[in-house]
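Biologist: I am new to this structure and should like to understand the reasons behind the terms used for it. May I ask you to take me through them?

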Amino acid sequence: MSEKFISGRNNNFITEICKLKQKKYRNQTGLFYVEGIKLFKEVFNSTYRKNIRYIIILEEFAFDFSLPKLPQNASVVTVTSEVYKKITDEEAFQGVMCVIEKPGEDIILSYEKPVIILNSVRDPGNVGTVIRTANAVCGIDIILSEDCADIYSGKTQRAAMGAVFRQNIKISKNIETDIANLKKNGYNIFAAHLDKNSRSIDEVEFNSKTAVVFGNEGNGIDGGIVSICDEKIIIPINQNSESLNVSVAAAIVLWEMRKGMELK
């Protein structure tokens, strides 16, 4: 483990960290960061711990912050308040940031748990909330289409409150292929989709071989994906209400999926 101090806002390292606010640079470098004590601890208590590359600590905070044992290839960087303000996403920051390398291996589904699939859900708050709720309510796997909000963005991380590091999440290059593989493994695929033929979730029996697809906030599920699902389902709501937020709808369905299953 190495340590260094940076006081200049125009330092090359600081410039590169600032770029990680953008998805294209996170993809190019394979790095992302999380901020705050809560997410810092979540990383250390997860398999992501071995992927930590840098711990960036605010100078005034360094004396009060006790670091656990870091991986050998991790570095501690102490910075001034002005430097930290340049790299942070938060107004009320806590003064600690963790730069992490993304997992290189593909996520393999267990095919033994219920699955939820997010199709083009673009809002990071919604994606993060769904991940957090799924982790809290029942043990499931999650599939996200590539055009969903990035799970490694600051907004998604804050909404998920560390659940990204505890949850099995696959970023799918082809949702149709993943649905086909789920079917081959005995899954029933439900589309959360408003249609005259949609069944109420009250009438559906969910089990460990159930997958439910949720769609984009404005346009719903892609028509091609709806067509390959086994059945369409809806949540009964007041007829004067147009719809539910996707993260709220997912929470309700997740609770129904949990019924009859052991809480994990």
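**Terms and the values behind them**

Modeller: Serine 120 lies in the loop between S6 and H5. Please bear in mind that this is a predicted model.

Biologist: Why is serine 120 called buried or exposed, whichever applies?

Modeller: The relative accessibility of serine 120 is 13%. Buried means under 20%, and therefore serine 120 counts as buried.

Biologist: What makes the phi of serine 120 worth a remark?

Modeller: Serine 120 has a positive phi of about 60 degrees, although it is not a glycine. Most residues other than glycine have a negative phi. Tyrosine 111, in the loop between S5 and S6, is also not a glycine and has a positive phi of about 55 degrees.

Biologist: How do you know how confident the predictor is in the protein chain?

Modeller: The pLDDT, which runs from 0 to 100, averages 90 over the protein chain. A score of at least 70 is reached by 94% of the residues. Among the elements, strand S6 (residues 115-118) has the highest mean pLDDT, 97, and strand S1 (residues 2-6) the lowest, 83.

Biologist: Why is cysteine 98 not bonded to the closest cysteine sulfur?

Modeller: The closest cysteine sulfur belongs to cysteine 18 and is 17 Å from that of cysteine 98. A disulfide requires the two sulfur atoms to be within 2.5 Å, so this pair is too far apart for a bond. Cysteine 148 is likewise in no disulfide, the nearest cysteine sulfur being that of cysteine 229, 14 Å away. A search of the whole structure finds 0 disulfides.

Biologist: How do you know whether cysteine 98 and cysteine 148 are buried or exposed?

Modeller: Cysteine 98 has a relative accessible area of 1%, and cysteine 148 has a relative accessibility of 4%. The cut-off for buried is under 20%; therefore cysteine 98 is buried, and cysteine 148 counts as buried too.

Biologist: Which residues of helix H3 are buried, and what covers them?

Modeller: Helix H3 spans residues 37-44, and its buried residues include Leu39, Phe40, Glu42, Val43 and Phe44. The cover over the buried residues of H3 includes strand S2 (31-35), strand S3 (52-58), strand S5 (96-101) and helix H6 (154-160).

Biologist: Why are helices H5 and H9 called roughly parallel, rather than roughly antiparallel?

Modeller: Helix H5 (residues 124-137) and helix H9 (residues 246-258) pack at an angle of about 15 degrees. Angles under 35 degrees count as roughly parallel, and therefore H5 and H9 are described in that way. Their axes are 9 Å apart, and H5 passes H9 in a right-handed crossing.

Biologist: Which residues of H5 and H9 meet?

Modeller: On the side of H5 they are Asn126, Thr129, Val130, Thr133, Ala134 and Val137. These meet Val246, Ser247, Ala250, Ala251, Leu254, Trp255 and Arg258 in H9.

Biologist: What makes arginine 26 count as buried?

Modeller: Arginine 26, found in helix H2, has a relative accessibility of 4%. As buried means under 20%, arginine 26 counts as buried. Leaving out residues up to four places away in sequence, arginine 26 touches Leu20, Lys21, Leu31, Phe32, Lys102, Asp150, Tyr152 and Ser153. One of these contacts, aspartate 150, is 124 residues from arginine 26 in sequence, and their C-alpha atoms are 9.7 Å apart.

Biologist: Is glycine 30 buried or exposed, and what is the reason?

Modeller: Glycine 30 has a relative accessibility of 18%. That value is under the 20% cut-off, so glycine 30 counts as buried. Glycine 30 is found in the loop between H2 and S2 and touches Tyr25, Ile100, Glu101 and Lys102, with residues up to four places away not counted. Tyrosine 25 itself is in helix H2 (residues 23-29), and Lys19 and Leu20 are among its other contacts.

Biologist: How do you know that threonine 80 counts as buried?

Modeller: The relative accessibility of threonine 80 is 15%. With buried defined as under 20%, threonine 80 therefore counts as buried. Its place is in the loop between strand S4 (75-79) and helix H4 (81-87). Neighbours within four places aside, threonine 80 is in contact with Phe5, Ile6, Ser7, Leu58 and Glu59.

How values were computed:
Residues are numbered from 1 along each chain as its sequence is written. This is a predicted model: local features need pLDDT of at least 70, side-chain atom pairs count only at pLDDT 80 or more; totals for chains, interfaces and linings use all residues. Side-chain values use heavy atoms; hydrogens and water are left out. Helices (H or I, at least four residues) and strands (E, at least two) are DSSP runs, numbered from the N terminus. Contact means heavy atoms within 4.5 Å. Buried means under 20% relative accessible area, exposed over 50%, partly exposed in between (1.4 Å probe, protein chains only). Axes are lines fitted to C-alpha atoms, for helices over the stretch in contact, and angles run from 0 to 180 degrees between N-to-C directions. Angles under 35 degrees count as roughly parallel, over 145 as roughly antiparallel, 65 to 115 as roughly perpendicular and the rest as oblique. A crossing is left-handed if the near helix is turned anticlockwise from the far one by less than a right angle, and right-handed if clockwise.
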